[in-house]
Amino acid sequence: MLNNKTLLFFAFFFLPAIAFSQNCNVNVSGYIWDASTGEPISDAHIYLKEARKGAVSDSAGFFRLSSVCPRNYHLSVSHIGCKTRELYMTMEADTTLHIVLDHDSRLLDQVTFISPGGKTTTAEKQSLNEKNIAENANENLANMLSSISGVRVIRNGNNISTPVVHGLYGNRLTILNNGVTQSGQQWGTDHSPEIDPWAASRITVIKGVGALEYQGNSLGSIILVEPRKIEKEPHMHGKGSYFFETNGNGHGLNGQLQQHYEKPALGWRAVGTLKKSGDNETPDYYLRNTGREEANIAVQLEKAFSERWTTDLYFSSYNTNIGVLRGSHIGNLTDLEEALTREVPFFTEEDFSYNIEAPYQKVNHHLIKFHSNYFITDNLWFDLTYSGQLNYRKEFDVRRSGRTEDPSLSLRQFSHFAEGRINRQFSKGWKVKSGFQFNRVDNINLPETGVLPLIPDYISYESGIFVLASKTKEKALFEFGGRYDYEDRRIAAISSSVPREIIRYDNSFHNLGAAGGFNYELIKSLSIAYNLGYASRNPEVNELYSNGLHQGVSGIEEGDPLLKQEQSIKNTFSLKGNIKNKLFFESMVYLQQINDYIFLNPTNEVRLTIRGAFPVFEYEQTDARLFGVDAAATYKILDHFNTVIKYSFIRGQDISNNLPLIYMPSNTIYAELNYQLPKIGKFENLELQVNNRYVFEQTYLLPNQDFTAPPPGYNLAGLKASAEKQSAKMRHNFFIKMDNLFNVAYRDYLNRQRYFADDLGFNLIIGVSSSF
């Protein structure tokens with residue numbers, strides 16, 4: 001007979017186990033649905049992390065997990081091409097779930113990368129999601145956007161680039177970093193946006209006329225860079241990513257952590273990125289001094305004081321050193337003339353190097369943003385935002401007498417931005433938002449260069465108000481609005497004549513903007529949209545007063561103080577739909593007239609200075625017209641096999657002088673074949689891709705409009721493969737891709753480096769990320 005101690009021992013060690021096993025009788029089942037069509041999704045992978053149980057949905061979208069113990073679980077749902085959904089929930093009894101994935105829009109995503117969330121504006125939106133960003137992490141922000149139809153880049157080498165949307169770039173585009181207009185010295189084609197794309201979860205291009213609610217000089221298109229919202233669950237989650245690329249021996253490392261507490265209701269997220277690469281390589285030679293170093297961090301805090309009052313704080317710091325091709329800086333006129341015709345640039349070396357020497361750029365950009373919103377009722381709320389941005393830009397040139405370590409250009413910009421918004425939703429589908437904005441920018445030359453500054457010091461004060469209204473009625477969405485801005489700008493320039501003296505200018509500008517449009521669903525699978533907008537842009541300080549060597553583009557630039565505001569009217573019309581859920585298509589036609597269009601015109605002059613010999617460019621003004629077409633389609637050949645085709649056409653015309661506009665993108669056509677498999681062994685959601693891009697020669701240009709003729713067209717092929725793998729508590733993503741597969745030698749018309757050297761050759765990129 002058992003004594004009491006034996007019974008106690010038995011009860012202490014075995015009864016809990018017995019009770020535990022007896023309670024593990026919960027069944028979790030459910031269905032996976034397509035958000036677009038409402039149809040079931042088969043071959044979706046469902047994984048209950050703490051239970052280490054998994055299932056795959058059948059042809060009815062049904063799945064079942066049996067014998068689950070009651071407790072809290074993290075549930076992961078994934079499917080080919082879809083963003084993996086992570087759910088945190090309590091399983092106490094038999095549970096049936098209905099989970100929606102944005103599956104069929106993935107097919108359209110391959111056309112346009114359409115963002116989730118439904119239609120909220122009549123302007124056309126296209127987005128890169130988190131997966132697109134991760135698989136192109138070796139690229140900077142501008143190069144990453146070039147995968148969207150209608151978007152190209154103007155570059156000065158591979159690491160210095162700025163996006164071009166429908167032929168417009170620089171200050172004509174507004175870039176919003178977490179809702180704040182990016183404020184830096186982005187006035188040159190060699191000034192890349194100072195933003196780490198790895199810190200974003202979505203990057204959106206609005207190609208229509210949807211910029212009225214944002215301050216800036218946008219003549220139509222805007223770019224939104226948005227970080228991920230902090231998920232409201234109590235556990236710490238994180239992600240680590242790494243990539244390696246062979247061209248430039250580049251490495252990139254990114255880490256992310258986040259957590260949300262219920263009491264107090266506070267969430268935090270931190271993101272850090274390191275990148276380093278060396279000399280890039282063409283098929284035949286190294287491009288000396290084209291390396292890059294980058295170190296970035298972003299921190300995000302979200303606090304809910306009540307159900308109606310929330311605030312968030314965001315800080316980011318972007319820091320980079322970027323080499324400029326040594327062969328693009330020439331010492332005398334004879335060598336410059338030879339450099340423009342050489343097959344191989346000067347200063348090319350046979351060995352690879354990570355060294356970054358003069359000429360190079362050093363850029364630091366820091367942003368802090370405070371935002372708070374308060375809901376008075378469910379249909380009425382206020383938003384308040386403040387942001388400060390500090391931007392340093394130094395450009396180092398090859399200088400004589402041991403002064404190479406001294407920057408030849410050193411600028412500091414400090415800006416303050418404040419905004420208040422009122423949002424109201426009325427009955428019968430009306431939504432109205434209005435607000436005011438104020439921005440102060442202080443841009444100065446730091447006295448350490450020893451040369452006359454390229455642009456003068458200035459302070460600008462800009463204030464604006466806007467009102468936007470929209471109404472949804474059955475199958476239609478209408479919206480219209482207007483804004484007014486006033487800018488007061490005070491400039492202090494140094495005269496180019498001797499004796500030097502300070503010349504002061506006061507600029508003041510009034511700007512009006514208006515836009516309207518509609519989106520209408522003709523039938524369930526076909527919709528049209530039209531958008532019309534008017535906007536004006538003030539001439540920038542560099543366009544008015546530049547006077548000297550712009551080291552980053554290896555040219556002398558001269559402004560014109562008499563330049564006037566640009567006035568723009570843009571029309572866009574788009575058609576989007578699908579046929580029997582097999583053929584998805586969209587097309588967009590746009591026509592934009594810009595009176596007093598400002599452009600940097602190459603002159604016939606090549607000037608010799610004590611810093612070398614450089615071509616001369618002048619800012620000029622004319623009336624211009626831009627016309628273009630973006631078209632794309634996806635055809636689902638079989639359930640796991642589809643093809644994508646994209647085409648972009650643009651024509652820019654100087655209608656005052658009946659001449660082509662310079663620096664307009666060449667027409668392009670892009671195609672890819674995709675094969676997808678739900679599972680092979682332990683790997684899930686496998687995707688294989690073969691792609692090809694053909695860029696046409698820019699033939700719409702006269703021989704005397706540039707220093708050299710546009711290069712011939714070129715054809716680049718590529719391969720890509722990706723897969724996912726679920727381990728006990730972590731999910732792993734792998735990708736490998738090959739760009740310029742056949743190592744083709746080519747030069748791109750929009751790359752300023754083309755005057756001196758070829759573009760990049762073959763590049764193999766491998767990457768992995770693990771999340772928990």
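The following legends describe a predicted model of a protein chain in an overall view and several close-up views.

Residues are numbered from 1 along each chain as its sequence is written. Local features are restricted to pLDDT of at least 70 and side-chain atom pairs to pLDDT 80 or more, whereas totals for chains, interfaces and linings use all residues, and side-chain values rest on heavy atoms, with hydrogens and water left out.

**Figure 1. Overall view of the protein chain, with 6 helices and 42 strands.** Helices (H or I, at least four residues) and strands (E, at least two) are DSSP runs, numbered from the N terminus. The radius of gyration is 28 Å, close to the 28 Å given by the globule rule for 772 residues, so the chain is as compact as a globular protein of that length. This radius is taken over C-alpha atoms, and the rule is 2.2 Å times the number of residues to the power 0.38. Along the principal axes, the C-alpha atoms fill a box of roughly 110 × 65 × 55 Å. Of the 772 residues, 54% count as buried, that is, under 20% relative accessible area with a 1.4 Å probe, protein chains only. Among contacts (heavy atoms within 4.5 Å) with a separation of 6 or more, 66% are between residues 24 or more positions apart.

**Figure 2. Open sheet of 5 strands with mixed pairing.** The strand order is β8-β14-β15-β12-β13. Strands count as paired if DSSP finds at least two bridges between them. β8 (125–128) and β13 (180–181) stand at the edges with a single partner strand each, so one side of each is left without a neighbour in the sheet. Within the sheet, β12 (residues 174–177) and β15 (residues 222–226) are parallel and share 4 bridges. Ile 175 has Ile 223 of β15 as its bridge partner.

**Figure 3. Successive antiparallel pairings of β16, β17 and β18.** Strand β16 (residues 237–245) pairs with β17 (residues 250–261) over 9 bridges, and Lys 239 stands opposite Gln 256 of β17. The hairpin of these strands has 4 residues between them, and Gly 248 adopts a positive phi near 100° there. β17 is in turn joined by 11 bridges to β18 (residues 266–277), with Gln 259 and Trp 268 of β18 as bridge partners. A hairpin through 4 residues connects β17 to β18.

**Figure 4. Antiparallel pairings made by β30 with β29 and β33.** Strands β29 (residues 502–523) and β30 (residues 526–537) are linked by 9 bridges and form a hairpin with 2 residues between them. Ala 515 has its bridge partner in Gly 533 of β30. β30 also pairs over 12 bridges with β33 (residues 566–579), where Thr 572 stands opposite Asn 531. In a regular strand, side chains alternate between the two faces of the sheet.

**Figure 5. Surroundings of Ile 322 in strand β22 (residues 309–323).** Ile 322 counts as buried at 6% relative accessibility. Leaving aside residues up to four places away in sequence, Ile 322 touches Asn 159, Ile 160, Gly 291, Arg 292, Ile 356, Tyr 360 and Gln 361. Lys 362 is 40 residues from Ile 322 along the chain, and the C-alpha atoms of the two are separated by 6.6 Å.

How values were computed: Buried < 20%, exposed > 50% of the residue type's maximum accessible area, 1.4 Å probe, protein only.
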